[in-house]
Amino acid sequence: MVQDMINKVALVTGGGSGIGRATALAFARKGARVVVSDVSDQGGQGTVALIREAGGEAAYVRCDVSQASQVENLIKTTVETYGRLDYAANNAGINGEVSGVVTCTEENWEQVIAIDLKGVWLCMKYEIPEMLKVKGGAIVNTSSMNGVIAPGTPAYMAAKAGVIGLTKSAAAEFARKKIRVNAVCPGVIQTPMMAASVADVEQYMQQLTARIPMRELGCPEHVADTIAWLCSDEAAYVTGVAMPVDGGLLIL
Ligand SMILES: NC(=O)c1ccc[n+]([C@@H]2O[C@H](COP(=O)([O-])OP(=O)(O)OC[C@H]3O[C@@H](n4cnc5c(N)ncnc54)[C@H](O)[C@@H]3O)[C@@H](O)[C@H]2O)c1
């Protein structure tokens with residue numbers, strides 16, 4: 001990987017596991033100093049340890065992305081620690097309970113929307129002013145194939161579709177200020193979240209694999225490398241897209 005992010009600072013929410021951990025490692029391989037944020041101290045500190053073992057620079061900051069004061073503190077601490085903010089992967093998310101429109105509880109609805117949708121907005125609300133100070137930046141928000149197609153639980157689908165709208169809104173507003181805002185729509189990626197969402201993982205994976213045009217499940221690095229590329233100067237003219245990373249699932 002080209003070290004084209006030296007002297008830059010990257011932030012990853014939900015960086016303690018799965019796609020977020022792989023994204024933090026990808027930013028570090030590109031030479032960025034990385035702030036890893038999560039609600040799991042063990043996960044977040046584990047990612048920081050992996051980056052340091054590989055010779056990179058990283059710090060952990062605990063933050064629940066659904067809480068404005070914690071997000072404000074996260075961005076403040078990032079800038080106090082490393083002096084600036086150039087890239088952000090707003091990736092933290094949960095599946096919520098498996099439910100339908102009728103069976104979804106108000107509590108589940110509010111929790112999923114608070115973390116998966118409001119959390120992304122809160123992060124951008126505090127990240128963008130710091131990017132304006134350094135006259136540019138790049139943000140990638142994690143949506144999902146379930147932001148585009150069913151089946152998916154209603155709160156999760158609504159949140160992930162909302163992330164695409166929010167991404168386009170921010171991209172349009174800040175394009176002239178050289179802040180690019182894109183989203184990724186992962187397909188079926190093998191992470192702890194995926195494993196936790198079904199009872200019989202083996203059977204579920206076989207069924208899903210058969211539906212994927214490339215006939216293989218995704219790994220966190222597939223999504224991480226796409227996020228890092230979207231943030232890099234190689235994607236300098238790309239903004240406002242919701243890019244599938246799904247082995248072709250959304251073609252069908
Ligand atoms: N795995 C997939 O197949 C898949 C597919 C599409 C989209 N996604 C999305 O990718 C993102 C990452 O998912 P993953 O599969 O790596 O999951 P994961 O469970 O492995 O990682 C998610 C991380 O987010 C953290 N987190 C949860 N709630 C948080 C909160 N309130 N504030 C801060 N951090 C919080 C968790 O502690 C965890 O470390 C999510 O937004 C998810 O919706 C995943």
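## A tour from a helix pair to the sheet

Begin with helices H3 and H4, where H3 passes H4 in a right-handed crossing. Keep in mind throughout that the model on your screen is a predicted one.

To see this pair, select residues 68–82 for helix H3 and residues 106–133 for helix H4, which pack at an angle of about 30° with their axes 9 Å apart. Since angles under 35 degrees count as roughly parallel, H3 is roughly parallel to H4. Now show the side chains where the two helices touch: H3 contributes Ala 68, Val 71, Glu 72, Ile 75 and Val 79, while H4 contributes Leu 122, Cys 123, Tyr 126, Glu 127 and Glu 130. Sorted by class, this contact of H3 with H4 consists of 7 nonpolar and 3 charged residues, with no polar ones.

Next, hide the helices and display the strands, of which 7 form an open sheet with parallel pairing, in the order E3-E2-E1-E4-E5-E6-E7. Select 58–62 for strand E3 and 242–245 for strand E7 to find the edges; each of these strands has a single partner strand, so one side of each is left without a neighbour in the sheet. If you look along the sheet, neighbouring strands are turned by 20° against each other on average, direction ignored.

Move now to strand E4 (residues 87–90) and strand E5 (residues 137–142), which run parallel and are joined by 4 bridges. Within this pairing, select Ala 89, which stands opposite Val 140 in E5. From E5, continue to E6, to which E5 is joined by 6 bridges, again with the two strands running parallel; here Asn 141 has Ala 183 in E6 as its bridge partner.

Stay with E6 and colour its residues by side. On one side are Ile 179, Val 181, Ala 183 and Cys 185, on the other Arg 180, Asn 182, Val 184 and Pro 186, and all of them are buried, so that both faces of the strand are covered. With 8 of the 8 residues of E6 buried, the strand is largely enclosed by the rest of the structure.

Finally, bring back two helices that lie across the sheet strands. Select residues 18–29 for helix H1, which lies across strand E1 (9–13), strand E2 (33–38), E4 and strand E6 (179–186), and runs at about 175° to E1. Then select residues 220–231 for helix H8, which lies across E4, E5, E6 and E7 and runs at about 165° to E6.

Key. Residues are numbered from 1 along each chain as its sequence is written. This is a predicted model: local features need pLDDT of at least 70, side-chain atom pairs count only at pLDDT 80 or more; totals for chains, interfaces and linings use all residues. Side-chain values use heavy atoms; hydrogens and water are left out. Two strands pair if DSSP finds at least two bridges between them. Axes are lines fitted to C-alpha atoms, for helices over the stretch in contact, and angles run from 0 to 180 degrees between N-to-C directions. Contact means heavy atoms within 4.5 Å. Angles under 35 degrees count as roughly parallel, over 145 as roughly antiparallel, 65 to 115 as roughly perpendicular and the rest as oblique. A crossing is left-handed if the near helix is turned anticlockwise from the far one by less than a right angle, and right-handed if clockwise. Ala, Val, Leu, Ile, Met, Phe, Trp, Tyr, Cys and Pro count as nonpolar, Asp, Glu, Lys and Arg as charged, and the others, Gly among them, as polar. Buried means under 20% relative accessible area, exposed over 50%, partly exposed in between (1.4 Å probe, protein chains only).
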